[in-house]
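This report introduces a protein model to a reader who has not met it before. It treats the pairing of strands, then the packing of the interior, then the chain as a whole.

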Amino acid sequence: MRRQAEQFGTEMTFGFVQKIEGESSPFEVHLDNGEIIDTKAVIIATGSSAKYLGIEGEEEAIGKGVSACATCDAFFYKEREILVVGGGDVAMEEALYLTRFASKVTVIHRRNELRASDIMAKRAQANDKIHWMLNYTPVKVTSNLMGMTGLDVRNNETGDIEHIQADGLFVAIGHQPNTDFLDGKLALDDKGYIQTQAGTAKTSVAGIFATGDVQDPKYQQAITAAGSGAIAALDTLAYIDNL
């Protein structure tokens, strides 16, 4: 993909964007290496990052038993016992997908009731491979040199800590859009996703466009991101042509 883009004259540079300056075109894009890029338009395609639990032992076990992507890592857990944390539709989808590989899937949710839609909840509850631990809060991931060994959870009714042996933990509590660097420059929704005008890639600032998961709180799929990328490219071309 990079070689194809370069064939059409695209120039590549690497770095973290610290800020975008300018209320209208042209803009200045400031990178962490001190480089400043002057540009007529900007397309923001920074995506979103999976949320993790932030509990003890979790970070050290990411990639060694802890994951946030069932479709990426489920294959490694054939005939193993694994855990899913979450109570929404995403958690139900992850749990159902994981039953194709794992011998047992236990869903852990901090509330007594699931947040998932009725149809997704019933589909998961009807699967014999899926077990439930509602009203439990994860507190610590345990692991050894080989990887994750289990999870400590707190019973929210009694306050008691219980240990669950498991080979894997899939965190399904949503995503966080990568928009911190914007520092209020663009209009965001209440979850931090960039707001775009319906059917376009246009943001609240003319000349700045957004595409992919950074502006999509709902679908978060490769195919929808690719489609929105085409929209952003065409919107940007029309904007530059009209300058």
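In this predicted model, strand β11, residues 147-155, pairs with β12 in the antiparallel sense over five bridges. One residue of this pairing can be followed across to its partner: Leu151 is bridged to Ile164 in β12. The two strands belong to an open sheet of three strands, which has the order β10-β11-β12 and antiparallel pairing. Because β10 (136-144) and β12 (161-165) stand at the edges with a single partner strand each, one side of each has no neighbour in the sheet. From one strand to the next, the twist averages 25°.

The interior of the protein may be approached through helix α4. This helix covers residues 89-98, and its buried residues are Ala91, Met92, Glu94, Ala95, Leu96 and Leu98. The elements that cover these buried residues include those in the table.

| Element covering buried residues of α4 | Residues |
|---|---|
| α3 | 70-73 |
| β7 | 81-85 |
| β8 | 104-109 |
| α5 | 118-125 |
| β9 | 130-134 |
| β13 | 168-171 |

In soluble globular proteins, nonpolar side chains tend to be buried together. Here the largest nonpolar core has 22 residues, and those touching the most other members are Ile82, Val84, Met92, Leu98, Val105, Ile130 and Phe170. Two or more residues of this core come from each of β7, α4, β8 and α5. The largest share, five residues, is given by α4.

Leu98 illustrates how such a residue is surrounded. When neighbours within four places in sequence are left aside, Leu98 is in contact with Ala70, Ala74, Ile82, Val84, Val105 and Phe170. A second core, separate from the one just described, consists of 16 residues, among them Val85, Val141, Leu151 and Val171. Leu151 thus appears both in this second core and in the bridge to Ile164 of β12.

Turning to the whole chain, the protein contains six helices and 15 strands. Its C-alpha trace spans about 65 × 40 × 35 Å along the principal axes. Of its 243 residues, 40% are buried. Among contacts with a separation of 6 or more, 51% are between residues 24 or more positions apart. The protein exposes about 14,400 Å², and carbon and sulfur atoms supply 50% of that area.

Definitions and conventions. Residues numbered from 1 in each chain as written. Predicted model: local features only at pLDDT ≥ 70, side-chain atom pairs only at ≥ 80, totals over all residues. Heavy atoms only, no water. Buried < 20%, exposed > 50% of the residue type's maximum accessible area, 1.4 Å probe, protein only. Helix = DSSP H or I, 4+ residues; strand = E, 2+ residues; numbered from the N terminus. Contact = heavy atoms within 4.5 Å. Core = buried A, V, L, I, M, F, W, Y, C linked by side-chain atoms within 4.5 Å. Pairing = 2+ DSSP bridges. Axes fitted to C-alpha atoms, helices over the stretch in contact; angles between N-to-C directions. Areas by Shrake-Rupley, 256 points an atom, 1.4 Å probe, with all protein chains shown as cover.
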